[in-house]
Amino acid sequence: MEEIKNRITECELEYDEIHELAPATNEEIEMITPYFSQPIPEELITFYKTVGGIESDEIFRIFSPENLFNQIQERAELEHNSIGIIDMIIAFWGNDRPEFQQYELLTEEETEKINKTFPCIGWIMSEEDNYESGEYVIFDKKGHFMNLYCHQDDLGKTKNQLLKLLESGIPERSLENVLEELFERAQGNLSRWD
């Protein structure tokens, strides 16, 4: 995680838009543990304890345990309030994705299975397509991570990809590798703002 911390430090010095949060305490990690449908991977625990989270209102958000807990609490009264990938896609779009909320693309059973299989810990919004898509950081029970691309006008493609991942699992990839790739993209977006 040292490379990730170094990248954040460089961004904090050059830009106001992206920054590292305080490392999480054991108590904060324990507070969110019940909301995960499977054990939290060791690599993610290390991220929480060393980085905490990465936040930017416009570009990049990998939730700290505290902010993930707050995000869950804000949606507590809603039907789709888990940290599973489908519910987090709905949250990303202001809790307004009827294609998933009304089970137009997936059945209720498929939605529940996908949510339980792939927790989501954050996202990056894409500037390249006029902010009409996001990439979501998810993991599976083996502790493999990936960034899942989802365009709001092609949710059927995301549905198909998630159904395939239910069968195959996520290819072996580390959280650090996924974050490095997303950082490259986020920094590219920030550079274009100069």
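Which exposed residues does the face of helix 7 turned away from its buried side carry? The legends below take up this helix and helix 8 in a predicted model.

**View 1. The exposed face of helix 7 carries E109 and K113.** Both residues sit on the face turned away from the buried side of the helix.

**View 2. T111, I114 and N115 are the buried residues shown in helix 7.** Around the axis they cover an arc of only 100 degrees, so they lie on the same side of helix 7. Packing partners of the buried residues are helix 5 and helix 8.

**View 3. Helix 8 runs from residue 155 to residue 168.** Its 14 residues should span 20 Å at 1.5 Å a residue. The end C-alpha atoms are 20 Å apart, which agrees with that expectation.

**View 4. The buried residues of helix 8 are L155, T158, K159, L162 and L165.** Seen down the helix axis, they fall within an arc of 125 degrees and therefore line one face of helix 8. Buried residues of helix 8 pack against three helices and a strand: helix 5 (85–92), helix 6 (98–101), helix 7 (108–117) and strand 6 (145–151).

**View 5. The other side of helix 8 bears exposed residues.** These are K157, K164, E167 and S168. K159, in contrast, is among the buried residues of this helix.

**View 6. G169 comes just after helix 8.** Here the backbone takes a positive phi of about 80 degrees.

Technical notes: Residues numbered from 1 in each chain as written. Predicted model: local features only at pLDDT ≥ 70, side-chain atom pairs only at ≥ 80, totals over all residues. Heavy atoms only, no water. Helix = DSSP H or I, 4+ residues; strand = E, 2+ residues; numbered from the N terminus. Expected span 1.5 Å × (residues − 1). Buried < 20%, exposed > 50% of the residue type's maximum accessible area, 1.4 Å probe, protein only. Arc of directions from axis to C-beta. Contact = heavy atoms within 4.5 Å.
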